[in-house]
Amino acid sequence: MSAASFSSHTDVPVDLFLFMGQSNMAGRGISCSRFPQKAPGCLPEAGREFRAVSDPGRLYPVSEPFGRQENRPGGIFEPGMKTGSLVTAFINAYFLQTRTPIVGVSASKGGSSILEWQPGSPYLEDAFMRLQAAETYLASAGLPIRHRFVLWCQGETDGDLGTPSAVYEERFRCMLDMLLSHGIERLFLIRIGRFNASSAPAGGPEGAFPDYATIRRAQEQLALTCPKVVMVSRCFAGMRRQGLMKDAFHYYQHAYNLAGEEAGRNAGQYVNRHLSEPDALQ
């Protein structure tokens, strides 16, 4: 699909999003008899995927599993792991609020800790290469970029590792500073859920398994203290109670749809309220 067919107006501005984090951003969604919902189709003008690794010369219709082709050996690499994400639902909800299309770039890696997203790390460097490739392509295609954002969902691995809250916050801020230095204007944050302790092996004490409360508190504190961080969804914390976890760490596709819709709506409303003026990003 060519850039010209992205919109009926060749100079339409787009919002460029990096979708970053670990497996619940990358997407492990499946359907089941209780929750048969599939990922939604992308609204016609709501967005496109830019495949920075596999085919950086064009835009693609957004579909699930989002980013499944985007695997760079030595960087963000998880072939065959993505099965369905929250990205399409997010793009639809965001577009319905802002009427601005998204160009989305996959930059998430399952099982990654915040330590693996530090300045100079293979994952963060790969994310910056993907961002630069997207900017270069959009400039050549005559598609102006209105805003540059990150949607972030990560932290379960740090919960498993017992990363202290203060350490998580410090490492997150280091990553955030690098993102801002590369032109990212806001990081929209999806808070992680609770550890599904019911998955503990038979006879094993639940107390031996980590709870993600420490990381959730760190993420709440970051949203309170970092002006460039905006909390847009907390709904993963209620998914276990609804039976929407497919295993100890991941969700059925219906849950990803709900989280993406909530996050996209809230992010879009934030942009409409706070970033509509030319000097709003100063």
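Mentor: A residue is called buried under 20% relative accessible area, exposed over 50% and partly exposed in between, using a 1.4 Å probe on protein chains only. The model is predicted, with local features needing pLDDT of at least 70 and side-chain atom pairs 80 or more, while totals for chains, interfaces and linings use all residues. Residues are numbered from 1 along each chain as its sequence is written, and side-chain values use heavy atoms, leaving out hydrogens and water.

Trainee: Why does Arg 72 count as partly exposed?

Mentor: Its relative accessibility is 22%. That value falls between 20% and 50%, so Arg 72 is partly exposed.

Trainee: What makes Arg 72 and Asp 126 a salt bridge?

Mentor: The N to O distance is 2.7 Å. The rule asks for a side-chain nitrogen of Lys or Arg within 4 Å of a carboxyl oxygen of Asp or Glu, so the pair qualifies. The pair links distant parts of the chain: Arg 72 is in the loop between β3 and α2, and Asp 126 is in helix α3 (residues 122–141), 54 residues apart. Asp 126 has 0% relative accessibility and therefore counts as buried.

Trainee: How many salt bridges does the whole structure hold?

Mentor: The search finds 10. One of them joins Arg 51 to Glu 49, with the closest N and O atoms 3.3 Å apart, and both residues are buried. Another joins Asp 211 and Arg 216 at 3.7 Å, N to O. Arg 216 has a relative accessible area of 11% and so is buried. Salt bridges with shared partners also join Arg 28, Glu 78 and Lys 82 into one network.

Trainee: Why does Glu 70 have no salt bridge?

Mentor: The nearest side chain of opposite charge, Arg 130, is 4.7 Å away. That is not within 4 Å, so the pair fails the rule. Glu 70 is nonetheless buried, in the loop between β3 (59–61) and α2 (87–98). Among the residues it touches (heavy atoms within 4.5 Å) are Glu 49, Arg 51, Ile 76, Ser 106 and Arg 130.

Trainee: What sits over the ring of Tyr 60?

Mentor: The charged end of Arg 51 does, 3.7 Å from the ring centre, and so does that of Arg 58, at 4.3 Å. The rule requires CZ of Arg or NZ of Lys within 6 Å of the ring centre and within 35 degrees of the ring normal.

Trainee: Why are Phe 17 and Phe 19 called stacked?

Mentor: The structure has 19 aromatic pairs. In this one the centres are 5.8 Å apart with 20° between the planes. Rings of Phe, Tyr and Trp (its six-membered ring) pair within 6.5 Å between centres; planes under 30 degrees apart are stacked, over 60 edge-to-face and the rest tilted, so Phe 17 and Phe 19 are stacked. Phe 17 is at 0% relative accessibility and Phe 19 at 1%, so both count as buried. They belong to one aromatic cluster that includes Phe 90 and Tyr 94.

Trainee: What makes α2 mostly covered?

Mentor: Of its 12 residues, 10 are buried, including Phe 90 and Tyr 94. The cover includes β1 (14–21), β2 (47–50), β4 (102–108), β5 (145–153) and α7 (253–274).

Trainee: How does the span of α2 compare with the expected value?

Mentor: The expected span is 1.5 Å times one less than the number of residues, which for the 12 residues of α2 gives 16 Å. The end C-alpha atoms are 16 Å apart, so the two agree. Arg 99 follows α2, with a positive phi near 55°.

Methods. Helix = DSSP H or I, 4+ residues; strand = E, 2+ residues; numbered from the N terminus. Lys, Arg positive; Asp, Glu negative; His and termini not counted. Lists of a residue's contacts leave out its neighbours within four places in sequence.
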